[in-house]
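This report walks through a few local features of one structure. Have the sequence and the model open alongside.

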Amino acid sequence: MKKILLPLATSAVFALAGCSPAEDKQSQTPVAPEKSNFDEVYASISADDIRPPLKTLASDEFEGRLPTTVGEKKTLDFLVKEFKAAGMQPGNGDSFLQEVALMEITADPAMTMTIGDNVFKYKDDMVASSKREQDAVSLTDSELVFVGYGVNAPEYEWNDYEGLDVEGKTVVILVNDPGFENPESGKFQGTTMTYYGRWSYKYEEASRQGAAGALIVHETAPASYGWSVVANSWSGPQYGLVSDDGGASRVAVEGWLTLEAAQKVFADAGMDFYAEKQKAMQGPYSQAMDIAASVTVNNKFEKSKSYNVIATLPGSERPDEHIIYTSHWDHLGKDDTKEGDQIYNGAHDNATGTAASVVMARAFGKLSPAPKRSVSFLIVTAEEQGLLGSKYYADNPVIPLDKTVANINMDAMNILGKTKDVAVVGMGKSELEDNLNVAAQRQGRTLTQEDRPEAGYYYRSDHFSFAKKGVPALYAEGGSEPADAETAAYRKRMNVIVTGCYHQVCDQYRDTWDLSGIAQDTQMLFDVGYQVANADEWPAWKASSEFQRQ
């Protein structure tokens with residue numbers, strides 16, 4: 001009402017005074033835009049803010065945050081409470097939750113796999129599972145075919161399946177892609193992993209080719225993790241999105257072999273594993289193995305519901321355009337068969353990123369004025385099962401993808417103290433790195449490529465679900481150069497403690513953690529989001545990127 005009445009009253013005053021508003025324009029003082037409190041809010045983000053939600057999410061009370069369990073319910077309740085307190089609004093209509101329909105399939109661990117004369121034990125030598133909604137799925141004397149890296153990539157002029165008919169057969173596949181151990185060949189992107197190196201792609205391609213089974217040979221260096229990660233991650237309840245065909249389009253059996261088991265199989269087939277691998281590195285390659293595999297996977301399966309959490313701060317000028325921050329709340333739950341500690345707390349992966357999301361939401365809620373564009377926080381489920389929560393969201397977006405300006409991801413954040421550098425995962429992808437550079441320079445930091453591009457981390461976290469849909473997506477974290485000598489000493493001590501804890505029960509919260517690095521990165525990514533939320537133009541992909549908006 002005041003905005004309507006004030007000009008009328010002002011006109012009346014000018015009329016009584018015998019002059020017009022136009023004549024008095026020069027005497028009026030222009031109204032200055034409201035001064036932003038960004039600097040104050042930015043400076044307020046601290047390690048003390050991050051520690052409480054991190055400690056809570058990683059506590060034994062949350063039981064490892066496995067989807068569909070009591071641990072999920074406690075996690076969701078905690079996050080919704082925190083986002084409400086931060087001043088966020090429900091991001092999905094009147095709800096903070098988005099239902100994700102999951103298919104939970106648990107394979108009976110009492111299985112063996114026979115290949116030739118070898119009988120391989122579950123988790124010791126191999127793991128096997130099925131995404132098909134059947135009580136029992138079997139391979140019976142399924143002929144093995146070695147298909148090198150199992151890649152069909154026209155843009156790289158590479159097809160390991162060319163001329164092959166693998167219908168009803170089981171393909172044996174090398175991990176990573178052809179560039180990893182043969183970078184001088186110029187194939188793919190050298191030691192930097194492409195999506196063709198991901199295990200998920202290899203099963204998808206084997207399914208498209210009509211194979212009955214697909215077995216990936218595990219090697220620690222090209223996989224970037226040890227066999228224990230495979231054994232823990234591919235055993236117990238496995239989740240997939242509910243599909244219309246009940247999983248019939250997938251290969252019947254998806255599995256891994258240890259390197260030692262694979263060497264025995266190749267030897268029994270009259271082949272040398274390393275000699276065959278060398279051939280596979282040189283160009284598209286396949287070879288029948290004249291040996292067969294048999295295994296039966298007995299399944300318990302049921303449909304279940306899990307949830308993504310979505311919270312929004314509406315924009316002050318363009319509320320229909322959103323910057324979306326992502327992190328995943330889930331981890332591996334607990335294993336009642338283990339002696340001693342049974343809970344996979346997932347403190348680093350990813351209570352850190354989830355806690356940072358809570359703290360960042362509080363920061364955005366304190367801004368005055370609010371950012372021009374809306375800022376949303378999407379905390380997804382079932383990342384550990386193959387980015388399922390973010391994949392479901394990307395396929396069923398609450399916010400239209402053509403109104404999603406950018407995605408900024410936070411996963412397994414820096415617990416090793418402040419750094420002088422910022423590791424950009426998948427460096428060179430989008431113009432968001434320009435915003436990141438501005439934010440890093442504010443902190444006196446420089447951008448560097450991630451330490452291990454061969455691990456393919458750009459394809460292993462939730463931003464990838466957005467990237468595949470054409471939404472510019474950024475994943476960056478604290479680098480490897482400690483801020484000072486004291487941090488370097490701490491980093492050396494802590495690395496001894498946490499190394500090897502990925503997907504293990506020892507990934508648990510420690511009061512001795514220096515969280516200043518997480519606070520530093522939270523400030524930085526808060527800055528990036530603030531820049532994008534207020535910019536005139538949308539960020540775009542770099543010309544060299546494989547992702548573009550459709």
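## A single cavity

The whole structure was searched for cavities of 30 Å³ or more, and one turned up. The model is predicted. The volume of the largest cavity is about 40 Å³.

Eight names make up its lining: Val175, Met193, Gly197, Arg198, Trp199, Pro222, Ala223 and Tyr225. Six of the lining residues are nonpolar, one is polar and one is charged. Arg198 is the charged one, because Arg belongs to the charged class. Gly197 supplies the polar entry, because Gly is counted among the polar residues.

## Positive phi outside glycine

Asn176 is not a glycine, yet its phi is positive, near 70 degrees. Asn176 sits in the loop that runs between strand S9 (170-174) and helix H5 (199-208). Is Asn176 buried or exposed? Its relative accessible area is 0%, so Asn176 is buried. The cut-off for buried is under 20%.

Lys123 also has a positive phi, about 75 degrees, without being a glycine. Its place is the loop between strand S4 (118-121) and strand S5 (126-129). Why does Lys123 count as partly exposed? Its relative accessibility is 29%. Buried requires under 20% and exposed requires over 50%, so a value in between is partly exposed.

## Cis peptide bonds

Two cis bonds deserve a look, one involving H10 and one in the loop after it. The bond from Asp349 to Asn350 is cis, and its omega is near 5 degrees. Asn350 belongs to helix H10, which covers residues 347-366.

Ser368 and Pro369 are also joined by a cis peptide bond. Omega there is about 0 degrees. Pro369 falls in the loop between H10 and strand S17 (373-380).

## Helix H15

Helix H15 runs over residues 516-534, which makes 19 residues. What span should H15 have at 1.5 Å a residue? The expected value is 27 Å, since the rise is multiplied by one less than the number of residues. The C-alpha atoms at the two ends are 27 Å apart, so the model agrees with the expectation.

How many residues of H15 are buried? The count is 18 of 19, and H15 is thus mostly covered.

How values were computed
Residues are numbered from 1 along each chain as its sequence is written. This is a predicted model: local features need pLDDT of at least 70, side-chain atom pairs count only at pLDDT 80 or more; totals for chains, interfaces and linings use all residues. Side-chain values use heavy atoms; hydrogens and water are left out. Helices (H or I, at least four residues) and strands (E, at least two) are DSSP runs, numbered from the N terminus. Buried means under 20% relative accessible area, exposed over 50%, partly exposed in between (1.4 Å probe, protein chains only). On a 1 Å grid over the protein atoms alone, a cavity is a set of points where a 1.4 Å probe fits but cannot get out, and a pocket is an open set with protein on both sides within 12 Å along at least five of seven lines; lining residues have an atom within 4 Å of a point. Grid points are joined across faces, edges and corners, and a volume is the space filled by probe spheres set on the points.
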